[in-house]
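Thank you for making time for this. I would like to walk through one structure with you, and please have the sequence and the model open while I speak.

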Amino acid sequence: MGKSETMKEGKERYKSGVIPYKKMGYWEPDYKIKDTDVLAMFRMTPQEGVEPDECAAAVAGESSTATWTVVWTDRLTACEMYRAKAYRVDPVPNTGPGTKTEQQYFAYIAYDLDLFEGNSIANLTASIIGNVFGMKAVKALRLEDMRIPVAYLKTFQGPATGVIVERERMDKFGRPLLGATTKPKLGLSGRNYGRVVYEALKGGLDFMKDDENINSQAFMHWRDRFLYCMDAVNKASAATGEVKGHYMNVTAGTVEEMIARAEFAKSLGSIIVMIDLVIGYSAIQSMAIWARKNDMILHLHRAGNSTYSRQKNHGMSFRVICKWMRMAGVDHIHAGTVVGKLEGDPLMIRGYYDTLLDTHTPMQLEKGIFFEQDWASLNKVMPVASGGIHAGQMHQLLHYLGEDVVLQFGGGTIGHPMGIQAGATANRTALEVMIQARNEGRDIWNEGPQILADAAKWCSPLKAGLETWKDISFNYESTDSPDFVSTATASA
Amino acid sequence: MMTNHGNRVTQGQFSFLPDLTDAQITAQIKYALSKGWALSVEYTDDPHPRNTYWEMYGMPMFDLKDPAGILMEVNNCRKTFPNHYIRLSTFSSVRGVESVTMSFIVNRPKKEPGFGLVRQETDGRMIRYTIHSYATDKPEGERY
């Protein structure tokens, strides 16, 4: 194992006091990465006067074994192995003097596998995003990407159902699935709520969905919602001959209560339950194990993620959440629409989708993917595209997102001028006609609007939908985009 | 009669579109072949949403790469079972998929009576649901 020349050795290293992290052994530019190492890449903004190498070493130190001062008890351990090693620091393109942004660096850090408990996102994250984000040596810090070694992945269950089995169970292949969130998201009684579910499913959607903050409130308690919604689901299934579902949000104050609600959903014949990201990593893992044991698809709403994933200089990239959630075992996760109302640069979102769906992801800096990742046969997670999308964008959605995705048209179904069934029919027809055209080899990116207009001639719900939303788009500059263009050592 | 859009069973990729012509079916066959997928023709007179195993009209055509030949199988099946549901499915053997990749209906009965929902009231407000196909009250082969 190579060591940095800057590292202090022996007695000198363990003299009481405070020495730079670099000299404590957390900076090792000639470190040889092992296949079993967990790798992390951080975007750092060092405090003034902190050298980038020292800053990276501090991040490595604080996210592994270090404390602020030298401790002799290190010498009782194989401490060289347990120390994370910062092994590479690159300046981030288009930051620093002469730009609008303070100087940032990409710091690459390797962690030995033995630092982590198997099958525990909580343990992994307590190191990687634990104390380190509040450290004074960094002004801001963002976890951009991770490489999870196969050896560690194999300790996780992964998605309870996965894309392939979900499709087999639902008997739906070769096209995106269609869904919608019941609106208004709060205030409907159970009986009125189920009406929306029935209309949309009968009209042609595959799924309906609770919103993230529908749990058990005064206007609608959870059992009432479950009972009415399952009547709606089964009635729509009989009306169409298709398998259909409603994501029952079982999010609650305790895991015990969530499992009780999930059990009730199962007893009613629901094929899918839903949780929110805010329940926490361990609760998510517990629910995933329950879901695998009970033949249930597990939908995850990413409620809360934007508090730490949206700003480019601090927090973490959503692609890392995608990785952790695939390990934690969810089957669905909201991952962006590109064209809708929520944040998203097209290539970054493709990076999230690849992270969820690939069996093997190569390094692709343009998508913000900094590490090659072998997924070790973990099931695939179905990305969900939700928020401000409508039938008139079908060609763009298919172009950007592909066919392994749930397209969720909430307002775009329920707000249809001819009613909810017609709204669902418009979306389903637009989808089928676009899949047909794509498979026929037509250039849907350019011909899409014409393909939809032609279908609208024989499908009046589609005609009315296109007319209603023809000018709706959300064109704002993305706050998060990849920085890779002039990274000299990018391909190293 | 079914009361949903199109008054028909809407399984498969293209049930919301007008029935595909032979030329349109051929275009889909070509797409599947270009992906390296094997095609298969299956038929049934029990279109229950959870009836997974429709009868195979011969084995999946792993080695047939001629779109016209595959369309001929579709049409032979239609001749034999003019009043059954017939679907064309494709299979990918690629690692990480190894499953069905397309599936769409290419033939259906003239009249589709659809399904009833049987509600069995049990404890409290609990209901057990059964989706019942009206056609399956008759024996196989005499349903449509």
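**Helix H8, two domains and a residue in between**

Let me begin with helix H8 of chain A, residues 190–203, whose buried residues pack against strand E6 (207–209), helix H9 (222–240), strand E7 (245–249), helix H16 (411–414) and helix H17 (420–439) of chain A. I should say at once that this is a predicted model, and I will speak of it with that in mind.

H8(A) is mostly covered, with 10 of its 14 residues buried, and among the buried ones are Tyr193(A), Gly194(A), Val196(A) and Val197(A), as well as Glu199(A) and Lys202(A). How far apart are the end C-alpha atoms of this helix? They are 20 Å apart, and because 14 residues at 1.5 Å a residue should span 20 Å, the two values agree. Just after H8(A) comes Gly204(A), which takes a positive phi of about 135 degrees.

Helix H7 of chain A, residues 162–170, can be described in a similar way: Gly162(A), Val163(A), Ile164(A), Glu166(A), Arg167(A) and Met170(A) are buried. The buried residues of H7(A) pack against strand E9 (297–301), helix H14 (346–357) and strand E14 (382–386) of chain A, together with strand E4 (99–107) of chain B. H7(A) is followed by Asp171(A), whose phi is positive, near 60 degrees.

Turning to the domains, the assignment for chain A gives domain 1 as 26–153 and domain 2 as 162–468. Their centres, taken over C-alpha atoms, are separated by 35 Å, and the contact between them takes 20 residues from domain 1 of chain A and 24 residues from domain 2 of chain A. On the domain 1 side, strand E1 (38–46), helix H5 (121–128), strand E4 (138–147) and helix H6 (150–153) of chain A each supply at least two residues, with the largest share, 8 residues, coming from E4(A). By class, that side of domain 1 has 12 nonpolar, 3 polar and 5 charged residues.

Finally, consider Met316(A), which lies in strand E10 (residues 315–316) of chain A. Is Met316(A) buried or exposed? It has 23 other C-beta atoms within 10 Å, and therefore Met316(A) is buried, the cut-off being 20 or more. Leaving aside residues up to four places away in sequence, Met316(A) touches Ile129(A), Arg142(A), Leu143(A), Tyr308(A), Ser309(A) and Ile321(A). The C-alpha atoms of Met316(A) and Leu141(A) are separated by 8.2 Å, although these two residues are 175 residues apart along the chain.

Definitions and conventions
Residues numbered from 1 in each chain as written. Chains lettered and ligands numbered in written order. Predicted model: local features only at pLDDT ≥ 70, side-chain atom pairs only at ≥ 80, totals over all residues. Buried ≥ 20, exposed ≤ 12 C-beta atoms within 10 Å, placed from the backbone. Helix = DSSP H or I, 4+ residues; strand = E, 2+ residues; numbered from the N terminus. Contact = placed C-beta atoms within 7 Å. Domains from an automatic or database assignment. Nonpolar A, V, L, I, M, F, W, Y, C, P; charged D, E, K, R; others polar. Expected span 1.5 Å × (residues − 1).
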